[in-house]
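I wanted to go through the aromatic side chains of this model and then look at a few other places in the chain. My notes follow in the order in which I looked things up.

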Amino acid sequence: MAVLNIEKSFLTENRSVLDFLNQSGQGLYIPLYQRDYSWDSDNIEQLLEDLTRGIQRIASGEVNDDNKEIRFLGTIITVVEPNRNHIYPVEIQAVPSRIEKLIDGQQRVSTIALMATLLTKRLTEIKNKVKSNNPIYEQINEICNIWIDQKLAPIFSFDLGRGTPRLKPKIIRGAKDYWTRADNVDTAYKSELSNFLGHFIKAYSDKTTFPCLTKDKYGNTLLYQNGRRIESWLKKVVSTAHEEQNDDEFATAEEILEHFSQDLLWEFERPELVDIVKDKDFSDKKTNSYILCELVQTLSVCHYLLDRCCFTIIQPTDDDWAFDMFQSLNATGTPLTAIETFKPTVVNTVDGETNHQFKDSNSDKSFKKVEEFLSDATTAQQKNKRTNDYLTSFFVAYDGRTMSTHFSYQRKVLNNVYESLTTFEDKENFVKKMGNYAEFYQKWIKYDGKDNSTFPNIGSSSDADLASMLILFLKASNHKMAITVLGSMYDSVIEQSTESVESFIEIVKAVSAYYFLWRSAYSNSGLDSTYREFFKKHKDFSAEIVKSHLKEVLRNKEIDTLESWKSKAKNYLKYDSTGKDVIRLALLVAAHDTIPDETNKGVIKVGREGCSKYMSVDKWFSSDLKTIEHIAPQTNKSGLWDESLYDTHIEPFQSIGNLTLLPQDLNSSAGNKGWKEKLLYYKCVAEKDPEKINKILNDAKELQIVINSSTLEMLKNCEYNAHLSAISSLSENDIWDKNLVDRRTDIMLDIIWTRISKWIL
């Protein structure tokens, strides 16, 4: 009886992306029964997150042996197709020497091929910035050409050795595409990916401008969306990582060169290029320092994607076996998360205690909160992302650590931390902390302030409305690191501890003030790390301890006094420098309980408490205060405005004193109009008496201001808003100039500081 050799029936090996896809003459054929390209934004974001975190782990020195930093991208199942006639349609003279049918893994491989084209394009753009007379020209060309020609091009193409061009798309889809010797791309390649690869290869071979993924050609398809997202990431995150405002999203060139072996990036050590990077001459985007930083950061992506990302390649010798394996590997539908694999450890621990069982235990109730939080995710990708976001945030709050998105790393951390706790009570408290943190995180995500509701469980406080508005501000500003502190303090609210609500609200105000004062004086860079520093030092803390740490940071940043903060805010708290939600909060705070200063026309002063309430959930959502209006417009097209407002060095027109809040329709209508017409708008909004509004509009005719009927109706029906009273106190004969804007800015900053600083200092 013949012995079945199972080992030879399934050829299995682990290979890097480069090793698998850089095989001579390899073409990948997606059978016609396979679904279309369907990777969505969640898949793309996960891939970009994996690349970012993997590179950061090496560049930060977190991985002691960088040879251990690899990223497993899953299993690829292919079957070698020996019969060319099984390919349909087919042009026999144009098929590759090795055809592999993709049974599983086409989504990942297709995305990687797409990414390889965009990396090729990006390297070419960087290379073209260096002129031939530049001393580094030869080296940059050598480095880029090696990566493009020898490594990236084989990912999206194979060399047929004949035809025009000789390179052909690596991947085609059955029934839609066929490999051809000619250059009739649109005829031979009908699927979006293969068509794009065909056009890209043609441009690459002819050395012409690379094609763009446009809606006109590819529609709003996933290929178009994913390509644009990857390209945006490469340009706006990777290439700018060395700039101050990057906020630690991606490792910098200097960090990469410190921890990556240079021969992995550019073949051998190039000390002269390293020195140029270390010079940090970023005065211009055309300096050699800037260009080399772009290059190094982009090369780290190329290297990590091609050399450190890997597949397990399974090649059954029979089609039926291939599909059996595919079904088996996907039988569970959704992959497990680290939290799900951690649960048995908790169950076994509780059940192992005398007189305890997990069902209905404290740990069970706490774990259900975590599971409920994760259950909101509807797809496997969303579930993974939510798990990663939760664990990343939770462990910052637990001990300040940076959590990897690696499943195995997360699982190891959860188990190691839990097992390191010596008493059953400590372990139970750890799970309770996880559950309460998940409960807060879920409330944070779901809270929208609709119907003027306050944040859950804090309504008993007189400051609940203010705190709720500030939570909405932090959410809108995407300040996710705030969750770490607020989630930790909310734990006592859930446990209904004494004075827990007031302590939580105190921290909401302190964190909001901290974030506002920092962001009105500096970029995001370094902000998140200050939270990690706190949690590395403190496990148990109070509101006072948190505030003490935040105050110390503000002191070190020299923004803990009115004078020091104001000197920076005058230059940084501007429309184009600061997040729009920071500007909105500043304008709302400045409008709160202020009135026109009768001795200083156009300027505000602090009024009686309760005279004009603007710091509330209602005002945050008010449609009347939705958009930020430049009083003197951003461009002086009409030439009707004071030219000194448009000084290119200080740009006074972007200052807080030249900004206000208006409804969207009025803002759009006001646009680039002149002072007299804009003033008419402001007077209508700031007027309580309907008869006076009619008089204002009638007076417009005497000023030869023409207002169309729709705008007239809009102005007659607009809601009253007190914050425009100071501006509307001016007349059409007054001049809106730099002097007035500077005075307004100065007074507004004083009021903003007085109100916000008391929340923390």
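I started with arginine 386, whose charged end sits over the ring of phenylalanine 373, 4.6 Å from the ring centre. I am working from a predicted model, so I take these positions as computed ones. I then looked up a second charge over a ring and found lysine 580 over the face of tyrosine 575, at 4.5 Å from the ring centre.

Next I asked which aromatic cluster phenylalanine 373 belongs to. The cluster is formed by Phe342, Phe367, Phe373, Tyr390, Phe394, Phe395, Tyr398, Tyr418, Phe430, Tyr437 and Tyr441.

I then turned to the aromatic pairs, of which the structure holds 43. One of them is formed by phenylalanine 158 and tryptophan 179, which I noted as edge-to-face, with 5.9 Å centre to centre and 85° between the planes. This pair links distant parts of the chain, since phenylalanine 158 lies in strand β5 (residues 157-159) and tryptophan 179 in the loop between β7 (171-173) and α6 (185-188), 21 residues apart. I checked whether the two are buried or exposed. Phenylalanine 158 counts as buried because its relative accessibility is 3%, and tryptophan 179 is buried as well, with a relative accessible area of 1%.

For another arrangement I looked at phenylalanine 394 and tyrosine 398, an aromatic pair that is stacked, at 5.9 Å centre to centre and with 20° between the planes. Why are phenylalanine 394 and tyrosine 398 separated by about one helical turn? I found that they are four residues apart in helix α17 (residues 380-399), and therefore about one helical turn separates them. I also wrote down the general rule that an α-helix has 3.6 residues a turn, so residues three or four places apart point the same way. Both phenylalanine 394 and tyrosine 398 are buried.

Leaving the rings, I looked up glutamine 139, which lies in helix α5 (residues 137-156). Glutamine 139 counts as buried because its relative accessibility is 16%, and the cut-off for buried is under 20%. Leaving aside neighbours within four places in sequence, I found glutamine 139 in contact with Arg270, Glu272 and Leu273. The C-alpha atom of glutamine 139 is separated by 56 Å from that of threonine 754, which is 615 residues apart from it along the chain.

My last entry concerns helix α29 (residues 675-685), which is mostly covered, with nine of its eleven residues buried. Among the buried residues of α29 I noted Trp675, Tyr681 and Tyr682, and also the charged residues Glu677 and Lys678.

Definitions and conventions:
Residues numbered from 1 in each chain as written. Predicted model: local features only at pLDDT ≥ 70, side-chain atom pairs only at ≥ 80, totals over all residues. Heavy atoms only, no water. Phe/Tyr/Trp six-rings, centres within 6.5 Å; stacked < 30°, edge-to-face > 60°. Helix = DSSP H or I, 4+ residues; strand = E, 2+ residues; numbered from the N terminus. Buried < 20%, exposed > 50% of the residue type's maximum accessible area, 1.4 Å probe, protein only. Lys NZ or Arg CZ within 6 Å of the ring centre and 35° of its normal. Contact = heavy atoms within 4.5 Å.
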